[in-house]
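This report concerns a single protein chain and is intended to be read beside its sequence and coordinates.

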Amino acid sequence: MGIQGLAKLIADEAASSVKQCDIKSYFGRKIAIDATMSLYQFLIAVRSEGMQLTSVDGETTSHLMGTFYRSIRLIENGIKPVYVFDGKPPEMKSGELAKRAERREEAQKNLEAAEETGDNNLVDKFSKRLVKVNSKHVEECKDLLKLMGIPFVEAPCEAEAQCAAMTKAGLVYATATEDMDALTFGSPVLVRHLTFSEARKVPVQEYHLSKVLAGMNLTYDEFIDLCMLLGCDYCDSIRGVGPKRAMEFIREYRSISKIIENIDSKKFTLPENWNYEQAKELFINPEVKDPKTIELKWTEADEDGLVKFLCGDRQFNEERIRNGAKKLNKLRTGSVQGRLDSFFTVTPSPNANKRKADDKKQNSTKKGKAGGGKFRGKPK
């Protein structure tokens, strides 16, 4: 779910913190990708396009197609992707997971009713709500990435938190996910829409946390409180408080504890046994793998292994898979120029101030010679 309404609130309150980018602008960058979110996108996208990608025994393969071809596209644009997979969800997320299960159950009932009436639009709508990334999807994707030579990280808990930790440590440039809570976890840079299909023609959005905080005039601590007021995965929010009101409360009182002290409890209902402090601790100190222990290596793609894995029962076209594998290896071994800013850092010269002073003195002398002495008499 992420943080409800945060993207729109940032667009309204700190528009300059968001910029639209072309995928080519990430040339030479290492980017941590929220793998579960990407797999969900691939499953939804194929369903939306009316395609049925399955193996001979009817198992879905669209997550493999998406991972294979979108990863090649990223690498073609000079990006070094690293996929990060979710671990065990924190106990505080159990309430949100239970709500999701209820919504899926309701969607299943609505789907059956739509199928009976033959309403294809409703069938499509409720079918999407039933899409879920399962453990088999995840394991198959990991096997595929190994064969492609693309590194992945298994997070002990939330993938977004692990991506944020890797970004903060400088191991990667940005976190790529659609979930805005990557910012709440402290990722300095968040990239959205990076793994979208080219056909959608949706520009990549890049958020900088420092600019978000400056634009909203909030500290990081206050920003986390704002996110919990908006609605997060770990705790309920105050009933009756929408994004605009949440922003007003944070600006006036600067913390949830102060809001509780001053809020009109008759008008705004506080959650029972509100565990916002424990939720906040999960954002500040999430369970993550130490980035210093993570080694990222992009290796040669196993062409024959990919053919064996994707063709045959999974029914991928062998020629296309071999061409994709060759392309990966060519891109890996080709002499690709890196980003200039990764090789050079502009630092002031120790003699810079002396040169400025000498230049200033020299210019002053020139002016004195050119304009010195008063003009006497009439010009001829």
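The sections below go from the whole chain to one helix pair and then to individual residues.

## Overall architecture

The model is predicted. Its chain of 380 residues has 44% of them buried, and the secondary structure consists of 16 helices and 7 strands. The accessible surface is about 21,500 Å², and carbon and sulfur atoms account for 48% of that area.

Contacts that link distant parts of the sequence are well represented. Of the contacts between residues at least 6 apart in sequence, 72% join residues at least 24 apart.

## Helix 14 and its packing

Helix 14 is mostly covered, with 6 of its 8 residues buried. These buried residues are Glu303, Gly305, Leu306, Val307, Phe309 and Leu310. They pack against helix 3 (62-76), helix 6 (135-148) and helix 15.

Two packed helices are described by the angle between their axes and the distance between the axes. For helix 14 (residues 303-310) and helix 15 (residues 318-333), the axes come within 9 Å and cross at roughly 145°; the crossing is right-handed. On the side of helix 14, the contact is formed by Glu303, Asp304, Leu306, Val307 and Leu310, which meet Glu318, Ile321, Arg322, Ala325 and Lys326 of helix 15. By class, this contact comprises 5 nonpolar and 5 charged residues, with no polar ones.

## The loop between helices 14 and 15

Glutamine 315 lies in the loop that runs between helix 14 and helix 15. Its relative accessible area is 49%, and glutamine 315 is therefore partly exposed, because the exposed class begins over 50%.

Glutamine 315 and serine 55 are 260 residues apart in sequence, yet their C-alpha atoms are 6.0 Å apart in space. Neighbours within four places in sequence aside, glutamine 315 is in contact with Thr54, Ser55, Val56 and Leu310. Of these partners, Leu310 is also one of the buried residues of helix 14.

## Leucine 282 in helix 13

Leucine 282 belongs to helix 13 (residues 276-284). With a relative accessibility of 22%, leucine 282 counts as partly exposed, because the buried class is limited to values under 20%.

Beyond its neighbours within four places in sequence, leucine 282 is in contact with Pro90, Met92, Phe185 and Tyr234. Leucine 282 and alanine 161 are separated by 121 residues in sequence and by 9.3 Å in space, C-alpha to C-alpha.

## Cysteines

The structure holds 0 disulfides. Cysteine 232 is in no disulfide, and the nearest cysteine sulfur, that of cysteine 235, is 3.9 Å away. A disulfide would require the two sulfur atoms to be within 2.5 Å, so this pair does not qualify.

Cysteine 232 is buried at 5% relative accessibility. Cysteine 21 is also buried, with a relative accessible area of 13%.

## Residues with positive phi

Where do the two residues with positive phi described here, lysine 201 and asparagine 217, lie in the chain? Lysine 201 is in the loop between strand 6 (189-192) and strand 7 (204-208). Although lysine 201 is not a glycine, its phi is positive, at about 50°. Lysine 201 is exposed, with 72% relative accessibility.

Asparagine 217 is located in the loop between helix 9 (209-216) and helix 10 (220-230). Its phi is near 60°, again a positive value in a residue other than glycine. With a relative accessible area of 58%, asparagine 217 is exposed.

Notes. Residues numbered from 1 in each chain as written. Predicted model: local features only at pLDDT ≥ 70, side-chain atom pairs only at ≥ 80, totals over all residues. Heavy atoms only, no water. Buried < 20%, exposed > 50% of the residue type's maximum accessible area, 1.4 Å probe, protein only. Axes fitted to C-alpha atoms, helices over the stretch in contact; angles between N-to-C directions. Helix = DSSP H or I, 4+ residues; strand = E, 2+ residues; numbered from the N terminus. Left-handed = near helix turned anticlockwise from the far one by under 90°. Contact = heavy atoms within 4.5 Å. Nonpolar A, V, L, I, M, F, W, Y, C, P; charged D, E, K, R; others polar. Areas by Shrake-Rupley, 256 points an atom, 1.4 Å probe, with all protein chains shown as cover.
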